[in-house]
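Colleague: I have the model open and would like to ask how some of its labels were earned. Could we go through them together?

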Amino acid sequence: PAYLLRPGIIPIYKRIEQYFPESSVSFACRSQISAFVTQSTSGYAVNIIKKNDGDVLFINGRIKDIGNLLEKLEQATMTSLFTSSGKTIALLFKNDSLTDIPGIATSADFFSLYEKEMDTILEVDCTAVLYEYLWEIMADIHSSIIQDFDSLLPTFEKGRGLHIHDGAYLVNETAIQLSDDVTLMPSSVVDATDGPVFIGANTRIEPHASIVGPCFIGANSVVLAGKIVHSSIGHTCRVGGEVEESIFQAYVNKYHDGFIGHSYVAPWVNFGAMTTNSDLKNNYSQIRMTLNGEGIDSGSIKVGSFIGDHTKFGIGTLLNTGINIGVSCNIFGSGLIADKEVPSFQWGGTGSWQEYRIDKAIETARKVLSRRNCELSDHEATLLKAIYEHNDSNDGILTFEASDRLALE
């Protein structure tokens with residue numbers, strides 16, 4: 001779900017949660033991904049909502065900017081639908097309207113109530129803004145890391161067990177946060193001149209590695225020789241070469257040289273040596289993306305690659321500007337991958353695609369996870385099979401249930 005995506009240091013749901021410190025938070029999502037969300041977010045209820053004799057607020061998981069929503073919520077005296085530019089931002093159920101809702105409910109219970117009362121629910125305009133496309137999250141890396149760093153600053157403590165070797169350089173050290181057991185090797189550079197740098201626990205910065213803020217490096221990661229600039233790197237990644245203005249979710253392996261810029265990379269992606277993407281056209285024109293066969297103008301001249309979970313690249317792979325790549329692809333070849341969109345479970349390169357068998361894809365996923373002391377769960381394997389089975393369907397990858405609309409509209 002969109003709320004698990006991370007523009008800066010913390011995911012979207014954590015950014016929203018900060019505005020409601022006295023509230024209990026639960027997640028609404030499609031039933032097909034509920035087990036995955038439960039696994040990814042320990043301590044949160046998923047598709048279970050406890051009424052707790054209070055108001056219940058559904059808020060869109062694609063929030064980019066909350067605007068004046070808090071002010072509008074404080075002014076609300078009745079059940080209200082909050083919109084911005086015709087899009088649903090939030091739906092507030094006042095407690096006195098919930099007499100027919102059980103103490104422990106589901107989003108479907110609230111959706112039924114919404115359908116019953118929708119003609120009488122007050123609609124309120126607000127100034128909140130939603131993310132519409134993934135490249136908008138990527139474009140927010142710089143500002144999001146700064147905002148997250150500032151909001152987390154009161155909780156920061158100097159890391160314990162730091163290993164900062166002679167010859168490691170920290171520039172503008174007051175804007176650098178090193179967590180427990182971070183190691184900075186000789187000739188490594190952490191430069192916070194243009195923005196803060198946060199490095200997670202048990203992370204190692206190797207010799208000749210340069211990290212330029214604003215930048216986030218997640219826990220248990222290794223940064224090898226190269227340059228990481230204005231990027232958000234999730235936990236348990238291995239990153240070398242050059243990475244610019246990009247988001248790596250987690251468990252991404254880019255061990256070797258090569259350039260990845262203005263990109264969003266999902267977990268368990270592996271870049272072979274010298275894999276490089278283009279993020280700028282020679283004529284500096286705005287880049288058009290292709291989503292489900294439809295061309296969409298990104299509105300930006302800098303857009304790189306969007307890469308789904310478990311996709312792998314052979315050595316020397318070159319990626320077209322603004323390429324959209326699905327789940328569990330195996331891509332290789334010495335030439336440019338000129339396609340603008342590569343569906344999930346493809347094997348090969350431009351002009352020579354074959355279907356990547358689901359049994360082989362799952363077998364490879366199990367091997368890759370075991371190398372990081374992880375195990376592919378049954379529900380993750382089931383989800384991969386669902387994507388595979390619907391890969392060529394016009395109905396989309398996963399079905400959409402009526403009860404999801406409150407959370408996903």
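Modeller: Happily! Keep in mind that this is a predicted model. Let's begin with H8: what covers its buried residues includes helix H2 (34–40) and H7.

Colleague: Which residues of H8 are called buried, and what makes them so?

Modeller: They are Glu380, Ala381, Leu383, Leu384, Ala386 and Ile387. Buried means under 20% relative accessible area, so each of these residues falls below that cut-off.

Colleague: What makes the span of H8 close to the expected one?

Modeller: H8 has 12 residues and reaches 16 Å from its first C-alpha to its last. The expected span is 1.5 Å times one less than the number of residues, which means 16 Å here, and H8 comes close to it.

Colleague: How do you know that H7 and H8 meet, and which residues take part?

Modeller: Contact means heavy atoms within 4.5 Å. On the H7 side, Ile358, Ile362 and Arg366 meet Ala381, Leu384, Lys385 and Tyr388 of H8. By class, this contact has five nonpolar, no polar and two charged residues. The axes of H7 (residues 358–370) and H8 (residues 378–389) come within 11 Å and cross at roughly 145°, and the crossing is right-handed.

Colleague: Why are E29 and E30 called paired strands?

Modeller: Pairing needs at least two bridges, and four join E29 (residues 288–291) to E30 (residues 294–297), so they qualify. The two strands run antiparallel, and Met289 stands opposite Ile296 in E30. Their hairpin has two residues between the strands, and Asn292 takes a positive phi near 55° there.

Conventions. Residues are numbered from 1 along each chain as its sequence is written. This is a predicted model: local features need pLDDT of at least 70, side-chain atom pairs count only at pLDDT 80 or more; totals for chains, interfaces and linings use all residues. Side-chain values use heavy atoms; hydrogens and water are left out. Axes are lines fitted to C-alpha atoms, for helices over the stretch in contact, and angles run from 0 to 180 degrees between N-to-C directions. A crossing is left-handed if the near helix is turned anticlockwise from the far one by less than a right angle, and right-handed if clockwise. Ala, Val, Leu, Ile, Met, Phe, Trp, Tyr, Cys and Pro count as nonpolar, Asp, Glu, Lys and Arg as charged, and the others, Gly among them, as polar. Buried means under 20% relative accessible area, exposed over 50%, partly exposed in between (1.4 Å probe, protein chains only).
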